Amino acid sequence: MIKDGRIWVANNDNGEPISINPKMANRHGLVAGATGTGKTVTLKVMAETFSDMGVPVFMADVKGDVAGIANPGADSEDMQKRIARFGLNEAGFAYKGYPVTFWDIYGQKGIQLRTTISEMGPLLMSRILDLNDLQSSILSVVFKIADDNNLLLIDTKDLKSMLTYVQENANEFAADYGKISAASIGVIIRSIVALETEGGDKFFGEPALNINDWLTTGDGGRGMINILDSSSLINNGRLYSTFLLWLLSELFETLPEVGDLSKPKLVFFFDEAHLLFSNATKTLLDKIEQMVKLIRSKGVGVYFCTQNPRDVPDGVLSQLGNKVQHGLRAYTPADQKAVKAAAESFRENPAFNTFDTILALGTGEAVVSFLGDDGIPGMAQKAYILPPQSLMSAIADADRDMKIKESLLYSKYYNAVDPDSAYEFLQRRGLELQAEAEEAAAAAEAAKEAEKAAKEEAKQAEKEAKEAEKEAQKAKKARARAAKSVGNSVVGTVGREVGKSLGGKFGKFGKTLGGNLGASLGRGLLSTLFKS
């Protein structure tokens, strides 16, 4: 609730209000405590007040009960006692619901929430995919190649296509980008497939979230409370934490520098914050710490909610000026050490022992320290958290569905769009290369067929030439035989007649012998002439 222009969160033992100066709300904060100690109620009370001030809010709903903030609270005997205890009737307390927009990465319990692979970037994608250092560096190279070639990485099929393309052309890229291991690319692709089977592929696509859509107000000028349903998402801790870190990155990159405002532009509640820091690399932790330090100047307040303050690294914890510590339980020496560390993080109050007080806190009670108007942390106080004006329990499915479809953003983000990006470009390029290869193969086959035909023609011509030559030889021989036959007849006759004439002088025997000898000599001479 708002009291004297401040964010009224609790009362101390003396019944005095404990509140946050809105000007100091972007100095970030921590809400911690064991399960069942009242953290969710504290978050609701703070979110309601920010909304009443016209400040938009983002909240992650892990258990489903945060969604009840959309509906008015239910009256009960216990609520009446708490209202009387805090004197809330005089302060204008009334059961009421708040303007809410429900979001869901899986699109089941809220408006479909998406971003693109390019906007997520290689560092956060490496965390989602649980890659080692070598695989992360290769993924960064793939992003660089895509950027250098103006290839958009929108969804997981774009990234898989790009990885396959780089793998197939690794030798060409080696000179400019270094050696790229095919085995590492194989691991990255398998990790993407595993993410897709978990439904993570639904998170990547268009239309991507425009962060300015969260900087809006609802009815009566109250800040819009954007609730991300995380009941399913929390099962994939890496995706959950990386998504929330991406949101911080988007806010940091999108919002202008505004310095110190009279109230924040947006307040971000990061539930189950330990998931953000577990198994995070030093590079990622440095990025988170830098983000928390610098985003204050963008007018954004970040509040981490976790069970134990030790879940938050010291570099980040030191930036959290507003603290609400609910009860912790110390069953082991390690637990006692953690409680001691939590107690020592507060400015000491001589009126009580902070360590003992934290151990003895009941549900709805807390040790609180908010920044003063001068920016100095306030002294630790034992506090009793106010009740929320909205419903404490979960919202009915029918109510949720109605509010989802009533939102002006529902139609904007409902239908997925598959733009012309890396996948489509590489598909076209593959088809073009395939067509070129087919044309080259066809040309080679045609050349081969032409060569074969030419060889056949040459062979046939050679055969025909040989046949012609053979026929010529046959004709020549035939002519020779004919001439020889004629010659034999003529020359033989002449020779015989000459022989007879010459041999006739020696009588009949001489005539016969002379005729035969003349004919034989004539034919022999003719044969010799034809042979030559």
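A residue is called buried under 20% relative accessible area, exposed over 50%, and partly exposed in between (1.4 Å probe, protein chains only). The structure described here is a predicted model, in which local features need pLDDT of at least 70, side-chain atom pairs count only at pLDDT 80 or more, and totals for chains, interfaces and linings use all residues. Residues are numbered from 1 along each chain as its sequence is written, and side-chain values use heavy atoms, with hydrogens and water left out.

**Overall form**

The chain contains 17 helices and 13 strands; these are DSSP runs (H or I of at least four residues for helices, E of at least two for strands), numbered from the N terminus. The chain is more spread out than a compact globule, because its radius of gyration is 49 Å, well over the 24 Å that the globule rule gives for 532 residues. That radius is taken over C-alpha atoms, and the rule is 2.2 Å times the number of residues to the power 0.38. Along the principal axes, the C-alpha atoms fill a box of roughly 185 × 50 × 40 Å. Of the 532 residues, 47% count as buried.

**Salt bridges**

A salt bridge is a side-chain nitrogen of Lys or Arg within 4 Å of a carboxyl oxygen of Asp or Glu. The whole structure holds 21 salt bridges, including the three pairs tabulated here.

| Pair | N to O distance |
|---|---|
| Arg 310 and Asp 335 | 3.9 Å |
| Asp 401 and Lys 405 | 3.5 Å |
| Lys 474 and Glu 471 | 3.8 Å |

The pair of Arg 310 and Asp 335 links distant parts of the chain, 25 residues apart: Arg 310 is in the loop between strand E10 (300-306) and helix H11 (314-317), and Asp 335 is in helix H12 (residues 333-344). Arg 310 is exposed, at 52% relative accessible area.

Asp 401 and Lys 405 are separated by about one helical turn, because they stand four residues apart in helix H14 (residues 397-406). Asp 401 is partly exposed at 38%, as is Lys 405 at 48%.

Lys 474 and Glu 471 both belong to helix H16, three residues or about one turn apart. Lys 474 is partly exposed with a relative accessible area of 46%, and Glu 471 is partly exposed with 43%.

In addition, a network of salt bridges links Arg 27, Asp 260 and Arg 296.

**A charged patch**

Glu 432, Glu 436, Glu 438 and Glu 439 form a surface patch of negative charge. Patches comprise residues with over 30% relative accessible area and no salt bridge, like charges being joined within 9 Å. Glu 439 lies in helix H16 (residues 422-503) and is exposed, at 56%.

Technical notes:
Patch = residues over 30% accessible without salt bridge, like charges linked within 9 Å, V, L, I, M, F, W, Y side chains within 5 Å. Areas by Shrake-Rupley, 256 points an atom, 1.4 Å probe, with all protein chains shown as cover. Lys, Arg positive; Asp, Glu negative; His and termini not counted. Charge placed at Lys NZ, Arg CZ, Asp CG, Glu CD.
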